[in-house]
Amino acid sequence: MEAIQVVIDDISFESYKKAPDEKVTRGKSMNYVMDKIKEIDGLEAVKCKRKLGADILIFSKKEENKIIKANFYHSKTYNNFYPSSWHVLEAKDLENEDINIYIFNLKYYDTFYTYIFTREELIEYVKEKKKDHSGNYHMNFEIKNGEELENRDYIKNVKKYRDRYKSIQELLQHIKN
């Protein structure tokens, strides 16, 4: 990456040219997450259509009828300085008791950042958030200065939700289908 020095009103900024990067679609982002899930012993993940109740179905290859339904949210990074994303979470998505986990994914250059919440965790998390005029919640994740924050409505550290793929296996053990 080539550094560029910019000076505006005697303030110096160092930024970087955006590295050539393939467009990361929601599908490619979802494939990345499903591949990470499949790396966990005994788990399988397949795409589903949200109108059928979920974006991703996760199941055990060893135990029949143990299925986790996940909603998936992807965002591109909105700047070149640090990973930053914006996701819209519809309130009705939280009302769906069939959804077990919510996965928020963003890509910054060649790195994916994935935040995984259980339904109960996300319901608790959004309690203090404001809904927009359409009844939706907004999630803004950013990673900078060694911190991983969600900063829409208030600033909260979200590092504990990052890359929690093994928690999916633990959650699957408690599913009673």
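**Figure 1. Strands 4 and 5 pair in the antiparallel sense.** In this predicted model, Leu57 stands opposite Lys69, a residue of strand 5. Strand 4 covers residues 56-60 and strand 5 covers residues 67-76. Four bridges join the two strands. Strands of a sheet pair through backbone hydrogen bonds, either parallel or antiparallel.

**Figure 2. Five strands form an open sheet with mixed pairing.** The strand order is 3-4-5-7-8, so the pair formed by strands 4 and 5 belongs to this sheet. Strand 3 (43-47) and strand 8 (111-118) are the edge strands, and each of them pairs on one side only. With direction ignored, neighbouring strands of this sheet are turned by 25° against each other on average.

**Figure 3. Helix 1 lies across the five strands 3, 4, 5, 7 and 8.** The helix covers residues 26-38. Its direction runs at about 165° to strand 3. Strand 7, one of the strands under this helix, covers residues 101-108.

**Figure 4. Leu106 is a buried residue of strand 7.** Its relative accessibility is 0%, and therefore Leu106 counts as buried. Which residues does Leu106 touch, not counting those up to four places away in sequence? Leu106 touches Ser75, Thr77, Pro83, Ser84, Ser85, Thr111, Phe112, Tyr113, Tyr115 and Phe141. Leu106 and Glu142 are 36 residues apart along the chain, and their C-alpha atoms are separated by 9.7 Å.

**Figure 5. Four strands form an open sheet with antiparallel pairing.** The strand order is 6-9-10-11. The edge strands are strand 6 (84-90) and strand 11 (156-157), each of which pairs on one side only. Strand 6 pairs in the antiparallel sense with strand 9, residues 136-144, over seven bridges. Within this pair, Leu89 stands opposite Tyr137 of strand 9. Helix 3, residues 119-126, packs on the sheet and touches strand 6, strand 9, strand 10 (147-150) and strand 11. The direction of helix 3 makes about 95° with that of strand 9.

**Figure 6. Trp86 takes part in a nonpolar patch on the surface.** The patch is formed by Tyr78, Trp86 and Val88. Together these residues have about 320 Å² of accessible area. Trp86 lies in strand 6. Is Trp86 buried or partly exposed? Trp86 has a relative accessible area of 43%, so it is partly exposed.

**Figure 7. Lys92 and Glu90 form a salt bridge.** The closest N and O atoms of the pair are 3.5 Å apart. Lys92 has 53% relative accessibility and therefore counts as exposed. Glu90 has 33% relative accessibility and therefore counts as partly exposed.

**Figure 8. Glu142 and Lys144 form a salt bridge.** The closest N and O atoms are 3.8 Å apart. Glu142 counts as buried because its relative accessibility is 11%. Lys144 counts as partly exposed because its relative accessibility is 32%.

**Figure 9. Glu148 and Arg162 form a salt bridge.** The closest N and O atoms are 2.9 Å apart. The pair links distant parts of the chain, 14 residues apart. Glu148 is in strand 10, whereas Arg162 is in the loop between strand 11 and helix 4 (165-173). Glu148 is buried because its relative accessible area is 6%. Arg162 has 23% relative accessibility and so counts as partly exposed. Elsewhere, salt bridges that share partners join Lys129, Glu150 and Asp153 into one network. How many salt bridges does the structure hold? The structure holds 12 salt bridges.

**Figure 10. The protein chain as a whole has four helices and 11 strands.** Of its 177 residues, 44% are buried. Among contacts with a separation of 6 or more, residues 24 or more positions apart account for 50%. The chain exposes about 10,600 Å², and carbon and sulfur atoms supply 48% of this area.

Notes: Residues are numbered from 1 along each chain as its sequence is written. This is a predicted model: local features need pLDDT of at least 70, side-chain atom pairs count only at pLDDT 80 or more; totals for chains, interfaces and linings use all residues. Side-chain values use heavy atoms; hydrogens and water are left out. Two strands pair if DSSP finds at least two bridges between them. Contact means heavy atoms within 4.5 Å. Axes are lines fitted to C-alpha atoms, for helices over the stretch in contact, and angles run from 0 to 180 degrees between N-to-C directions. A salt bridge is a side-chain nitrogen of Lys or Arg within 4 Å of a carboxyl oxygen of Asp or Glu. Buried means under 20% relative accessible area, exposed over 50%, partly exposed in between (1.4 Å probe, protein chains only). Patches are made of residues with over 30% relative accessible area and no salt bridge: like charges are joined within 9 Å, nonpolar side chains (Val, Leu, Ile, Met, Phe, Trp, Tyr) within 5 Å. Accessible areas come from the Shrake-Rupley method with a 1.4 Å probe; for residues, only the protein chains shown count as cover.
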